[in-house]
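Hi,

Here is the structure I promised to pass on. Have a look at it first, and my notes follow underneath.

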Amino acid sequence: YTLFAVGILFFILSMALGASLISPHSPTEGNLLERLQPPLTKGHLLGTDTLGRDFLSRIIYGARVSIAVGVTTVLIAGFFGTLLGLISGFYGGWIDRILMRFVDMQLSFPFVVLALTIAAILGPSFRNIIITLAVSSWVIYARLVRGEVLGIKEQQYVQAAFTIGLPNWRIIVMHILPNVLSAVIVLASLEVGRMIISEAAISFLGFGIQPPTPAWGNMLSEGQDYMTTSWWLTVFPGLAIVITTVAVNVVGDKLRDKLDPKLRLE
């Protein structure tokens, strides 16, 4: 299963990176005379949408948007969450109390509600959807890293580094950070799928990527009124989201099995 999932992710990533080369048509230019053509129509393998745009081309370009949002959001949220988690867990005291109370307060809000609120304030755009998802998800990394740091700080090699007078920044970078990276990598790999689904949900509700830019979420939104007559407008974007997120989660689970020392001991 893992090799199959890796193959699917490699295919989707290649499709996203090479969208301009492999796409048979423009994703934004259509022909109203060819609107709502079913799949396997000559020249349109997956049919056309309500404006006569090639649906396969829009699926391919939509992969670029979804992958870019998922990966970029995870990188930004992971960086800031890890940084704040390291600071909170290492220094403790009032710094830890303030950061963790803020984390608890943010986690008390449902993720989607918080993301929609931020998206509504910032407005719909590619940049803003990344900011929205990053602001909504950094707390998960912060809490995970803080917990890891609290345990690592008590290890003998870290206590020895304190004893010989190494500066705090060096202890964090050389002795603590390498030991929390595996947990962060596992969490980030699983979060990519969640960010792709979240972007699709926000775009579906009209607060994310805006037409005519193709994104799987807004493609679902555009096709919801045609589910009974033009099924492909919702089935293909939905399948793209499901296949991508399942493949990401399978790879993430395998990474967890390989990188988590507790599971290796079992």
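A nonpolar patch lies on the surface of this predicted model. Val71, Leu75, Ile76, Phe79, Phe80 and Leu83 make it up, and together they offer about 560 Å² of accessible area. Three of its members can be described one by one: Phe79 counts as exposed at 52% relative accessibility, Phe80 is partly exposed at 47%, and Leu83 is partly exposed as well, at 38%.

Leu83 belongs to helix H3, which covers residues 55-91. With 37 residues at 1.5 Å each, H3 should span 54 Å, and its end C-alpha atoms are 53 Å apart, so the two values agree. Right after H3 comes Gly92, with a positive phi near 60 degrees.

Now to the aromatic rings: the structure has six aromatic pairs. Two of the patch residues, Phe79 and Phe80, form one that is edge-to-face, with 5.2 Å between the centres and 80 degrees between the planes. Phe102 and Trp138 form another, this time stacked, at 6.1 Å centre to centre and 20 degrees between the planes. Because Phe102 is in helix H4 (residues 93-107) and Trp138 in helix H6 (residues 126-152), this pair ties together parts 36 residues apart in sequence. Trp138 is buried, at 11% relative accessibility, whereas Phe102 is partly exposed at 40%.

Two more things to look for on screen: Phe90, Tyr91 and Phe162 form one aromatic cluster, and Arg194 lies over the face of Phe111, 4.3 Å from the ring centre.

Best wishes

Note on methods: Residues numbered from 1 in each chain as written. Predicted model: local features only at pLDDT ≥ 70, side-chain atom pairs only at ≥ 80, totals over all residues. Heavy atoms only, no water. Patch = residues over 30% accessible without salt bridge, like charges linked within 9 Å, V, L, I, M, F, W, Y side chains within 5 Å. Areas by Shrake-Rupley, 256 points an atom, 1.4 Å probe, with all protein chains shown as cover. Salt bridge = Lys/Arg side-chain N within 4 Å of Asp/Glu carboxyl O. Helix = DSSP H or I, 4+ residues; strand = E, 2+ residues; numbered from the N terminus. Buried < 20%, exposed > 50% of the residue type's maximum accessible area, 1.4 Å probe, protein only. Expected span 1.5 Å × (residues − 1). Phe/Tyr/Trp six-rings, centres within 6.5 Å; stacked < 30°, edge-to-face > 60°. Lys NZ or Arg CZ within 6 Å of the ring centre and 35° of its normal.
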